[in-house]
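Trainee: I have a new structure open and would like to be walked through it. Could we start with the sheets and then go on to other things?

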Amino acid sequence: TIASGKTWERSWRTANQGSDYANSGTIAGAGTLTFYLYDGDKSITFGTVNCNVQVILDGGTGSKILSLGANSVLGSNLGISSTHATYTMTLNHGSNYTLTVAGALTLGDRGRLTQGTGIWQFNTSYTQSGASSVFTQGGAINIGMGGFTISLGTFTGNAAYLLTDSGDFTQTGGTISTGANLKLAFVGVSSATMSVLADPTLSTLTISKNLTISTSTVGVYSAGGSFSLDAGKTLTINSGLTMVVGVAGMTFSNSGTIAGAGLLTISLKTDDVTWSLGRVNCPVLIGARGTATASRIFTMAGAQTLGSSLTVTSQHATYTGTLIHGVNYKLNVTGAVTLGVRGIMTQGTGAWTFGSYTQSGASSIFTQAGNVIINGATAFSLGTLTGSGAGYTWTNVGGFTKTGGTLTGNRLPLILSTDGTSIASDSNLILYSLTINGNVLLSKTAWTSGNAGMGITVASG
């Protein structure tokens with residue numbers, strides 16, 4: 001039993017000193033068991049240790065490694081560090097041995113953890129706060145409710161194994177490796193926050209609790225990767241944040257609710273997808289990535305309601321980004337819909353309802369094939385808009401304004417349904433039909449109906 005504030009040390013000062021540490025009993029107490037390495041690497045079997053443990057490089061002739069000699073369970077806290085200005089202290093998995101730390105694990109200055117395929121479990125928390133510290137994941141990792149924190153050093157994940165976090169995930173400094181090699185799962189009963197600095201790209205993000213993404217961009221991008229949100233759970237994306245779901249054969253499953261003022265971006269690079277986004281109440285952007293390998297298509301997998309805004313666009317210099325109806329699926333967007341540069345929207349016979357509609361992107365294309373209901377205004381300035389012709393209507397509760405672009409002649413069945421709205425254009429409008437159900441101002445230039453017998457319908461009053 002090592003009393004609180006006391007330390008029992010095992011120091012290896014020479015390479016030939018041997019691994020003369022043997023614990024067949026129990027080492028306990030509130031104090032600390034410290035292993036000092038100076039010359040030579042070592043292998044150790046901890047035995048039953050229920051006090052704090054420190055593994056430290058204390059000078060010497062080079063960086064050192066302490067390897068696990070067996071599956072290990074430590075009953076309190078564990079720290080790894082080096083007091084040398086440049087040499088590192090590594091705790092290595094040995095032969096893929098498991099490691100369980102009941103308390104907090106802290107990776108200090110020039111401390112290194114190298115995991116094999118054995119499961120490592122930190123029941124309280126993981127903190128990486130040391131300059132030049134490095135964690136290299138090799139197997140599954142489970143972290144308790146104290147969560148994951150990194151402020152210095154580098155954490156390199158492994159896309160083949162989960163890092164399961166029961167608490168928050170916080171980055172205030174350091175580097176979380178890019179390259180889509182971190183497979184992250186949030187579990188547990190309490191809510192959690194994910195706060196990162198440098199836009200880490202994950203191979204998988206699985207959310208089984210209420211989670212808030214509070215700072216910077218979190219990206220999910222990997223061949224065979226996935227995004228998953230459990231039923232009854234809410235992912236909140238705060239203002240100014242983007243949840244980038246890069247696509248290369250990955251899956252998207254939302255059985256809960258995605259909310260917040262931040263942006264959910266579906267950024268298509270190498271594959272087209274057919275997805276249902278589920279319940280989404282944050283702004284959504286769908287389009288081709290700047291590094292897309294071809295024009296990309298997002299196909300609706302079912303009727304979709306979005307509780308905020310929708311933008312369809314392309315970040316690529318030439319390739320397009322398309323949203324297509326699937327099997328005539330309905331689309332209801334509570335907020336504004338914007339068709340941006342090289343964005344394409346292709347409707348089926350299912351009704352599409354938008355809070356407002358703006359088509360302002362060069363080379364953008366909207367093709368109507370069912371009823372379109374705009375609960376606000378339509379503003380059309382660039383690209384091509386082709387109406388449905390007979391059988392369907394384009395209903396505007398607000399005004400209809402054309403300041404540029406190409407409105408395909410004799411195709412748009414326009415209805416203006418509210419008092420006080422207006423129709424304005426930079427050129428003559430050749431409509432399939434025009435139905436006026438309110439007191440409407442026709443301004444700027446004349447309009448004509450290119451379909452004999454259709455003319456103007458003005459409601460009673």
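Mentor: Gladly, and please keep in mind that this is a predicted model. One open sheet is built from seven strands, in the order β4-β7-β10-β13-β16-β19-β22, and the pairing is parallel. At its edges are β4 (42–44) and β22 (175–176), each of which pairs on one side only.

Trainee: OK, and how many bridges join β13 to β16?

Mentor: Strand β13 (residues 111–114) and strand β16 (residues 134–136) run parallel and are joined by three bridges. If you want a spot to look at, find R112, which stands opposite V134 in β16.

Trainee: Which strands form the open sheet that has β38 in it?

Mentor: That open sheet has seven strands in the order β35-β38-β41-β43-β45-β48-β51, and the pairing is parallel. The edge strands are β35 and β51 (406–407), each pairing on one side only. Between β35 and β38 there are three bridges in the parallel sense, and the bridge partner of V273 in β38 is F298.

Trainee: What about β40, is it largely enclosed or open, and why?

Mentor: Strand β40 (residues 310–314) is largely enclosed by the rest of the structure, because four of its five residues are buried. As for its pairing, β40 runs parallel to β37 and is joined to β37 by five bridges, with T313 in β40 as the bridge partner of G287. β40 also pairs in the parallel sense with strand β42 (residues 331–339), over three bridges, and there the bridge partner of L310 is V337 in β42.

Trainee: Changing topic: how many salt bridges does the structure hold?

Mentor: The structure holds two salt bridges. In one of them D272 is paired with R296, and the closest N and O atoms are 2.9 Å apart. This pair links distant parts of the chain, since D272 is in the loop between β34 (263–268) and β35 (273–275) while R296 is in strand β38 (residues 296–300), 24 residues apart.

Trainee: And R296, buried or exposed?

Mentor: R296 counts as buried because its relative accessible area is 8%, which is under the 20% cut-off. Its partner D272 is partly exposed, with a relative accessible area of 40%.

Trainee: Which residues make the salt bridge with K402 in it?

Mentor: That salt bridge is formed by D426 and K402, with the closest N and O atoms 2.9 Å apart. Here too the pair links distant parts of the chain: D426 is in the loop between β53 (422–425) and β54 (429–431), and K402 is in strand β50 (residues 400–402), 24 residues apart. D426 is partly exposed at a relative accessible area of 42%, whereas K402 is buried at 4%.

Trainee: What's the count for disulfides?

Mentor: The count comes to zero disulfides. Among the cysteines you can look up, C51 counts as buried because its relative accessibility is 0%, and C282 counts as buried at 0% relative accessibility as well.

Trainee: Last topic then, the empty space inside. How many cavities of 30 Å³ or more are there?

Mentor: There are two cavities of 30 Å³ or more. The largest cavity holds about 50 Å³ of space, and its lining is made by L277, I286, F298, M300, Q304, L306, L310, L323 and L331. The elements that give two or more residues to this lining are β38 and β39 (304–306). F298 is a residue we met earlier, as the bridge partner of V273, and L310 is the one whose bridge partner is V337.

Trainee: How does that lining split by class?

Mentor: The lining of the largest cavity has eight nonpolar residues, one polar residue and no charged residues.

Trainee: And what lines the second largest cavity?

Mentor: The second largest cavity, with about 30 Å³ of space, is lined by T265, I266, S267, L285, G287, A288, T313 and Q315. The elements giving two or more residues to the lining of this cavity are β34 and β37 (284–288). By class, its lining has three nonpolar, five polar and no charged residues. You may recognise G287 and T313, which are bridge partners between β37 and β40.

Note on methods. Residues are numbered from 1 along each chain as its sequence is written. This is a predicted model: local features need pLDDT of at least 70, side-chain atom pairs count only at pLDDT 80 or more; totals for chains, interfaces and linings use all residues. Side-chain values use heavy atoms; hydrogens and water are left out. A disulfide is a pair of cysteine sulfur atoms within 2.5 Å. Buried means under 20% relative accessible area, exposed over 50%, partly exposed in between (1.4 Å probe, protein chains only). A salt bridge is a side-chain nitrogen of Lys or Arg within 4 Å of a carboxyl oxygen of Asp or Glu. On a 1 Å grid over the protein atoms alone, a cavity is a set of points where a 1.4 Å probe fits but cannot get out, and a pocket is an open set with protein on both sides within 12 Å along at least five of seven lines; lining residues have an atom within 4 Å of a point. Grid points are joined across faces, edges and corners, and a volume is the space filled by probe spheres set on the points. Ala, Val, Leu, Ile, Met, Phe, Trp, Tyr, Cys and Pro count as nonpolar, Asp, Glu, Lys and Arg as charged, and the others, Gly among them, as polar. Two strands pair if DSSP finds at least two bridges between them.
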